[in-house]
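Here is a short tour to read alongside the model. Keep the structure open and follow the residues as they come up.

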Amino acid sequence: MRFGSDLRQRVISGALLAGAAVVAVVLGEWVCALFVALGTGVMAWELTRMTRGVLGFRLPGAILAFVTGAAAPVVVEAVGLMPALATAAILSVVTGFWLARKTPRPELLAFGIFLLACAGTFFVWLRDLEGVGLTVTIWLALVVAAADMGGYFVGRTIGGPKLAPLLSPNKTWAGALGGIAFAVVASELVALFVEGKPVLFAVLAAGTAIVSQAGDLVESATKRRFGVKDSSALIPGHGGVLDRFDALAAASLFVGIVLSLFPSLISQW
């Protein structure tokens with residue numbers, strides 16, 4: 001079997017990125033908040049870049065998009081969840097008005113940046129949950145990774161009808177269901193470890209897997225719509241930060257909303 005010429009750089013850059021993410025999550029608090037802020041800021045810029053390539057690294061558009069994506073995860077660490085979400089909303093509106101002359105649908109672009117900022121905000125909030133933050137974020141990462149692996153291997157093995165051929169021609173229904181199954185299994189292993197309720201963990205994992213796959217599908221559709229291969233070239237051999245963390249961002253948003261609306265579920269960890 002022959003591998004691509006970029007395999008070595010993919011492995012090295014992927015290992016370094018994964019290692020940095022693990023360290024940030026384990027240390028938590030400001031280390032995690034600043035790491036996530038950097039990631040969401042870059043993803044916000046990448047979204048403006050791939051939907052309207054003329055912005056690129058040009059100022060002030062790049063700075064405004066980055067700040068909008070990065071500010072809320074910092075605010076949640078400093079003063080709390082609601083001020084952070086308000087910050088994300090206000091800055092997204094400002095970004096939308098500024099981009100009104102640059103793109104035909106500024107409201108959609110601003111909404112996308114808002115969702116990325118909220119995703120980063122909720123991830124930091126989840127990590128900061130007293131006593132269970134590390135467990136919750138590890139569970140989240142495992143479920144998303146399992147959904148991705150299950151989708152890839154089951155989809156490649158079984159094939160079959162396409163999930164959304166006009167949006168992402170490589171994804172199949174078999175892969176989507178396989179991703180959900182893998183995610184549920186990974187979640188049940190965590191439930192055994194923390195003595196959580198199996199049914200609750202299975203349902204939450206299934207929902208998280210569906211949302212994570214939807215996030216990946218939306219990003220694939222966006223790239224296809226604007227004719228770009230990657231969100232950027234910041235990660236050698238992998239493309240952009242958004243390419244690697246689109247599913248985790250969507251899952252973080254989903255789990256964060258669920259646990260903030262139903263705080264009694266937090267005790268299950």
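Right after α7 comes Glu 195, with a positive phi near 60°. This is a predicted model, so please read the values below as computed from it. A similar topic comes up at the end of α6, where Gly 159, just after the helix, takes a positive phi of about 70°.

The two helices that lead into these residues can be set side by side.

| Helix | Residues | End-to-end C-alpha distance | Expected span |
|---|---|---|---|
| α6 | 26 | 37 Å | 38 Å |
| α7 | 22 | 32 Å | 32 Å |

For α6, the expected span follows from 1.5 Å a residue, and the distance between its end C-alpha atoms agrees with it. The reach of α7 is likewise close to the value expected at 1.5 Å a residue.

Which parts of α7 are buried? They are Ala 174, Gly 175, Ala 176, Gly 178, Gly 179, Ile 180, Ala 183, Ala 186, Ser 187, Val 190, Ala 191 and Val 194. Their cover includes the helices α6 and α8, together with the strands β1 (162–164) and β2 (168–172). In α6, the buried residues include Val 136, Trp 139, Leu 140, Val 143 and Val 144, and glycines such as Gly 150 and Gly 155.

Now turn to the nonpolar interior. The largest nonpolar core holds 62 residues, and those with the most contacts inside it are Trp 125, Leu 126, Leu 129, Trp 139, Leu 140, Leu 259 and Trp 269. Helices that each supply at least two residues of this core include α2 (29–51), α5 (106–127), α6 (133–158) and α9 (241–261). The largest share, eleven residues, comes from α5. Leu 259 is a good place to look around: apart from residues up to four places away in sequence, Leu 259 touches Trp 125, Leu 126, Leu 129, Val 136, Leu 265, Ile 266 and Trp 269.

Three single residues are worth a stop. Thr 95 lies in helix α4. Is Thr 95 buried or exposed? Thr 95 is buried, because its relative accessible area is 1%, and the cut-off for buried is under 20%. Its side chain reaches the backbone oxygen of Leu 91 at 2.8 Å. Beyond residues up to four places away in sequence, Thr 95 touches Leu 64, Thr 68 and Ile 113.

Phe 66, in helix α3, is partly exposed, with a relative accessible area of 30%. Setting aside neighbours within four places in sequence, Phe 66 is in contact with Leu 38, Gly 41 and Val 42. The C-alpha atoms of Phe 66 and Gly 39 are separated by 9.3 Å, although these residues are 27 residues apart along the chain.

Lys 223 sits in helix α8 and counts as buried at 13% relative accessibility. Outside its neighbours within four places in sequence, Lys 223 is in contact with Met 50, Val 228, Lys 229, Asp 230, Ser 231 and Asp 243.

Last, have a look at the second largest pocket, with a volume of about 700 Å³. Its lining counts 27 residues, of which Leu 47, Leu 108, Gly 112, Val 218 and Thr 222 lie nearest the centre. Two or more lining residues come from each of α2, α5, α8 and α9. Which helix gives the largest share of this lining? That is α8, with eight residues.

Key
Residues are numbered from 1 along each chain as its sequence is written. This is a predicted model: local features need pLDDT of at least 70, side-chain atom pairs count only at pLDDT 80 or more; totals for chains, interfaces and linings use all residues. Side-chain values use heavy atoms; hydrogens and water are left out. A nonpolar core is a set of buried Ala, Val, Leu, Ile, Met, Phe, Trp, Tyr and Cys residues joined through side-chain atoms within 4.5 Å. Buried means under 20% relative accessible area, exposed over 50%, partly exposed in between (1.4 Å probe, protein chains only). Helices (H or I, at least four residues) and strands (E, at least two) are DSSP runs, numbered from the N terminus. Contact means heavy atoms within 4.5 Å. The expected span of a helix is 1.5 Å times one less than its number of residues. A polar contact is a pair of N or O atoms within 3.5 Å; within protein, one must be able to donate a hydrogen and the other to accept it, and residues adjacent in sequence count only if both atoms are side-chain atoms. On a 1 Å grid over the protein atoms alone, a cavity is a set of points where a 1.4 Å probe fits but cannot get out, and a pocket is an open set with protein on both sides within 12 Å along at least five of seven lines; lining residues have an atom within 4 Å of a point. Grid points are joined across faces, edges and corners, and a volume is the space filled by probe spheres set on the points.
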